[in-house]
Amino acid sequence: MGKELKTNAMRFLDKSKIDYTVQTYECEEFIDGIHTAEKLGQPLEETFKTLVAKGKSGSYYCFLLPVALELDLKKAAKSVDEKSVELLHVKDITAVTGYVRGGCTPIGMKKQFMTVVHNSAETMQHFYISGGRIGVQIHLSPQALVKAIRGKFEDIILPQAEQ
């Protein structure tokens, strides 16, 4: 793998001695996680998106959930002990995280934010997350990721009936 493909996320994983594989795809601009998963032949339930939110306190948080599901803002807020959380506006993503929309990942950001991963990943051997750049996906152990970033697993999605 050439040096030009190493992202901050990959450097973090290398430094933390976490095994991962990289999948790349051609993409000129943002495409949503469902289309990314389909393009790479990845199961939707194993392909997670990263959403960044700001709590009432002013703190930022990352939430990882399957690409086809929706974040429950009330459950998300409760999981991080906030009264409420609000998703970050697209125009603010790069300034807060250092990543662009579609390339945002919970690792290697400007600052490590508290991260909550949907509990469906807790029993998975591997899952897919953004590699820190549009067109790059990382396949790794959810448990290894959560341990390395001191995150946690919780139910943070809307019930299926509300999706």
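Let's start with helix α2, residues 33-40. This is a predicted model, so keep that in mind throughout. Which residues of α2 are buried? They are T36, A37 and L40. Look down the axis of α2: these buried residues fall within an arc of 95°, so they line one face of the helix. What do they pack against? The partners are two strands, β1 at 20-24 and β7 at 136-140.

Now the ends of α2. At the N-terminal end, D32 acts as the cap. One of its side-chain oxygens lies 3.1 Å from the backbone nitrogen of I34. After the helix comes G41. Its phi is positive, near 70°.

Next, the strands that α2 packs on. β1 and β7 belong to an open sheet of 3 strands. The order is β1-β7-β6, and the pairing is antiparallel. β1 and β6 stand at the edges with a single partner strand each, so one side of each has no neighbour in the sheet. From one strand to the next, the twist averages 30°. Zoom in on β6 and β7. They pair in the antiparallel sense over 4 bridges. As a marker there, find Y128, which stands opposite H139 in β7.

On to the other sheet. How many strands does it have, and in what order? It is an open sheet of 5 strands, ordered β4-β2-β3-β5-β8. Here the pairing is mixed. The edge strands are β4, at 85-87, and β8, at 152-154. Each of them pairs on one side only. The twist averages 35° between one strand and the next.

Take the β8 end of that sheet. β5 and β8 run parallel, joined by 3 bridges. V117 stands opposite F153 in β8. Now add helix α5, residues 142-149. α5 lies across β3, β5 and β8. Against β8, α5 runs at about 120°.

Now the aromatics. The count comes to 2 aromatic pairs. One is F48 with F127, and that pair is edge-to-face. The centres are 4.9 Å apart, with 70° between the planes. Where do these two residues sit? F48 is in strand β2, residues 48-55, and F127 is in strand β6, residues 127-130. They are 79 residues apart, so this pair links distant parts of the chain, with rings counted as paired when their centres lie within 6.5 Å. Recall that β2 is in the sheet of 5 strands, while β6 is in the sheet of 3. Are these rings buried or exposed? F48 is buried, at 3% relative accessible area. F127 is buried too, at 0%.

The other pair is Y60 with F113. The ring centres are 5.5 Å apart and the planes are at 45°, so this pair is tilted. It also links distant parts of the chain. Y60 is in strand β3, residues 60-66. F113 is in the loop between α4, at 93-97, and β5, at 114-118. The separation is 53 residues. Y60 is partly exposed, with 23% relative accessibility. F113 is buried, at 6%.

One last stop, near the start of the chain. T7 sits in the segment before α1, which spans 8-15. T7 is buried, with a relative accessible area of 3%. What does T7 touch, leaving aside residues up to four places away in sequence? The contacts are G131, G132 and R133.

Conventions. Residues numbered from 1 in each chain as written. Predicted model: local features only at pLDDT ≥ 70, side-chain atom pairs only at ≥ 80, totals over all residues. Heavy atoms only, no water. Buried < 20%, exposed > 50% of the residue type's maximum accessible area, 1.4 Å probe, protein only. Arc of directions from axis to C-beta. Contact = heavy atoms within 4.5 Å. Polar contact = N/O pair within 3.5 Å; in protein donor to acceptor, adjacent residues only side chain to side chain. Phe/Tyr/Trp six-rings, centres within 6.5 Å; stacked < 30°, edge-to-face > 60°. Pairing = 2+ DSSP bridges. Axes fitted to C-alpha atoms, helices over the stretch in contact; angles between N-to-C directions.
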